[in-house]
Amino acid sequence: MKTFLKTTSRLCLIASAISLAACNDEAQIQSNVDKVKQQLIDSVQQTQIAKNTFANPLFRNGADPWMHYYEGNYYLTTTTWASELVMRKSPTIAGLADAPAHNIWTGDDPSRCCNFWAFEFFPFETPEGTRWYVIYTAGEEGNTYHAQKNHILESEGSDPMGPYQYKDTPMKDHWNIDGSYFKHNGELYFLWSEWHGEDQVNLISKMTNPWTLEGKRTVITRPEFDWEISGLRVNEGPEIIKHDDRTFIVHSASFCNTEDYKLAVVELTGEDPLEASSWTKYDEPFFEKGNGVFGPGHHGFFISPDGREDWLIYHGNSSPTDGCSGTRAARAQPFTWHSEGEKQGLPNFGKPMADKQQLPVPSGEQGPLLAKVQGVRYQIINKDSNACLTTNAEGEVTVGDCAASASKWIVDPANDGLYRFANAEFGSFLTEQQCLTGTNNQITASPWQSSRCQRFSIDASHHGWFRFANEQSINNLQLANCASKVGSQVVTGENRISSCTDWRIEPVDNVAITNAYSGKVIGVDECSLENNANVTQQAYTDKACQKWQAQATDNGYYHFQSLNDSQLCLAIETGEQVKLPGNLVQAACTNENSEWRIEFLQNGTVRFVGRKAGAMSVVKKELISNGANVFEQVWKDSIDQHFYLRVAN
């Protein structure tokens with residue numbers, strides 16, 4: 001892991017700022033550097049956005065949780081029982097409790113519309129780059145339980161938030177749930193659970209791709225011990241974990257409606273995973289009720305931010321009578337591996353942590369760390385200089401060439417209605433160095449240290465301009481001495497009201513405009529190339545007519561050009577044949593109603609505001625339907641007016 005203070009010359013300069021000792025006095029330099037480090041540590045601890053500990057439950061009504069830590073953020077999904085798949089993200093584990101729910105997929109196909117359960121998401125490397133595959137179960141309209149089946153989504157790119165397109169269901173002909181992936185000796189396998197007579201069992205099959213099964217299907221676990229048959233005879237939720245060249249399936253056992261739901265372990269001891277004889281089942285549970293937590297199960301595993309700790313994510317109840325309801329809460333705790341005796345090499349999950357018991361956050365969460373945060377890349381352009389916020393390998397922040405790779409930033413929601421600016425080139429974060437005192441403070445691009453000095457509000461100024469105020473100091477980002485010259489240093493200072501402190505935020509990537517309620521994207525009907533073709537919301541299918549490119553006009557307004565035809569832009573319909581007041585269409589980019597500004601809201605969404613009219617919305621009575629009209633209306637701050645921009649290259 002790199003740190004920002006990484007060169008001898010820079011250490012010397014910092015040390016000299018504290019002492020007049022000559023830079024050739026190595027002992028004095030080291031002493032001064034140690035002082036600087038301690039000052040930095042003290043400052044960070046005063047400004048940390050989260051404590052060094054947290055307590056379970058992480059998230060109430062958090063059944064069937066699944067979590068990854070990926071490139072600077074935790075990502076969490078839990079069962080919704082509705083027609084929507086939502087994901088939460090946060091740079092801190094405690095922040096997941098209040099993180100906004102991003103709707104990444106909504107079902108409106110009657111064959112797979114309803115009763116969504118047990119989401120899992122996995123990153124696979126493909127020829128096109130990293131892609132995420134989401135497994136979820138869903139029922140049919142009017143038959144939401146007995147028709148439950150696994151379904152697969154694929155992400156457009158490397159962002160766990162999507163957009164996603166539907167691929168297929170691996171098994172169309174019968175009830176099957178709790179799908180998961182298993183990679184072994186270069187082959188991909190699918191694990192899942194289904195009923196065989198009175199037994200709910202776990203199975204495995206090889207896959208030709210992440211949504212298609214191939215050939216033999218083998219039962220690898222079924223209920224056989226007394227502790228697996230409480231309530232009903234159930235084995236479900238099979239999950240793979242590997243350690244020291246050993247491979248285990250950890251699965252849930254007994255009925256979830258009882259307090260005896262628990263975790264069991266099976267080990268791959270043979271050569272062929274498709275042979276039942278290759279798996280050895282242990283005759284005792286590995287994780288069960290305790291410390292006032294009941295029915296702990298349906299779990300997953302994740303690695304701490306620094307890669308040093310193994311963590312268990314699971315759900316459990318605070319009462320023995322709660323059962324399979326919305327009372328199940330998502331919980332997380334670290335686990336180890338037995339180092340001696342008969343259990344050597346086996347996972348040691350211990351006992352569930354009691355409610356409100358404090359435990360250390362996953363190691364590395366507080367940083368310092370660099371991360372290639374996922375999301376749309378933006379240019380952040382200073383009004384007075386017309387140059388872009390940029391940095392270099394040493395973390396110096398100036399305004400410069402907008403075409404440079406170091407001038408691209410991810411505007412990342414970071415809890416509490418605030419944002420962090422992550423550099424797409426270096427994985428560093430915009431930081432006010434002395435945010436506890438003074439103004440005209442130096443701005444650097446530094447490793448993430450979970451500090452309030454690294455979070456900013458994005459406040460609308462006028463037209464499409466913004467001010468960025470540091471959370472801790474409330475100082476505004478600006479050029480030193482209100483300069484207008486390219487290459488000027490970026491600092492923070494007082495708010496000068498439309499002078500010096502104005503910036504605009506311009507998307508660099510092609511984007512999918514995703515409605516926050518439906519998870520569907522804004523596209524042109526039937527990918528028409530006609531002027532005034534209608535614009536609706538649609539399930540994402542990776543079509544050019546669902547992708548848009550921002551082109552700046554003036555004062556922070558943009559045309560959003562259709563990738564289907566660069567001469568046509570998102571616009572408010574005009575003329576005598578208007579279908580609906582404020583209806584959106586694709587029209588010539590010269591149309592006066594084709595200019596928009598985007599405003600970043602406290603819940604991590606954006607709103608689109610027309611230069612000549614109100615805010616973009618989706619027809620309310622059809623909020624999750626494919627083909628629902630998109631139009632503009634007076635801003636009411638309703639969910640149909642909130643959108644996400646997702647990368648759609």
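I started with the second largest pocket in this predicted model, and its volume comes out at about 640 Å³. I then pulled up its lining: 24 residues, with His68, Phe122, Ile240, Ile241 and Phe301 closest to the centre.

Next I checked which elements supply that lining. Those giving two or more residues are β2 (66-70), β6 (114-126), β10 (177-184), β14 (233-243), β18 (294-303), β19 (310-317) and β20 (329-337). I noted that β2 gives the largest share, five residues. Sorting this pocket's lining by class, I got 18 nonpolar, four charged and two polar residues.

Then on to closed spaces. How many cavities of 30 Å³ or more does a search of the whole structure find? I get two.

I took the largest cavity and found about 210 Å³ of space in it. I list 19 lining residues here, and Tyr378, Val411, Pro413, Leu645 and Arg646 sit closest to the centre. Two strands, β26 (409-413) and β46 (643-647), are the elements that give two or more residues to this lining. By class I have 11 nonpolar, four polar and four charged residues around the largest cavity.

Last entry: the second largest cavity, at about 30 Å³. I wrote down its lining as Asn103, Ile104, Met161, Pro163, Thr514, Gly519 and Arg646. My class split for it is three nonpolar, three polar and one charged. I flagged Arg646, as it is among the residues closest to the centre of the largest cavity and also lines the second largest cavity.

Note on methods. Residues are numbered from 1 along each chain as its sequence is written. This is a predicted model: local features need pLDDT of at least 70, side-chain atom pairs count only at pLDDT 80 or more; totals for chains, interfaces and linings use all residues. Side-chain values use heavy atoms; hydrogens and water are left out. On a 1 Å grid over the protein atoms alone, a cavity is a set of points where a 1.4 Å probe fits but cannot get out, and a pocket is an open set with protein on both sides within 12 Å along at least five of seven lines; lining residues have an atom within 4 Å of a point. Grid points are joined across faces, edges and corners, and a volume is the space filled by probe spheres set on the points. Helices (H or I, at least four residues) and strands (E, at least two) are DSSP runs, numbered from the N terminus. Ala, Val, Leu, Ile, Met, Phe, Trp, Tyr, Cys and Pro count as nonpolar, Asp, Glu, Lys and Arg as charged, and the others, Gly among them, as polar.
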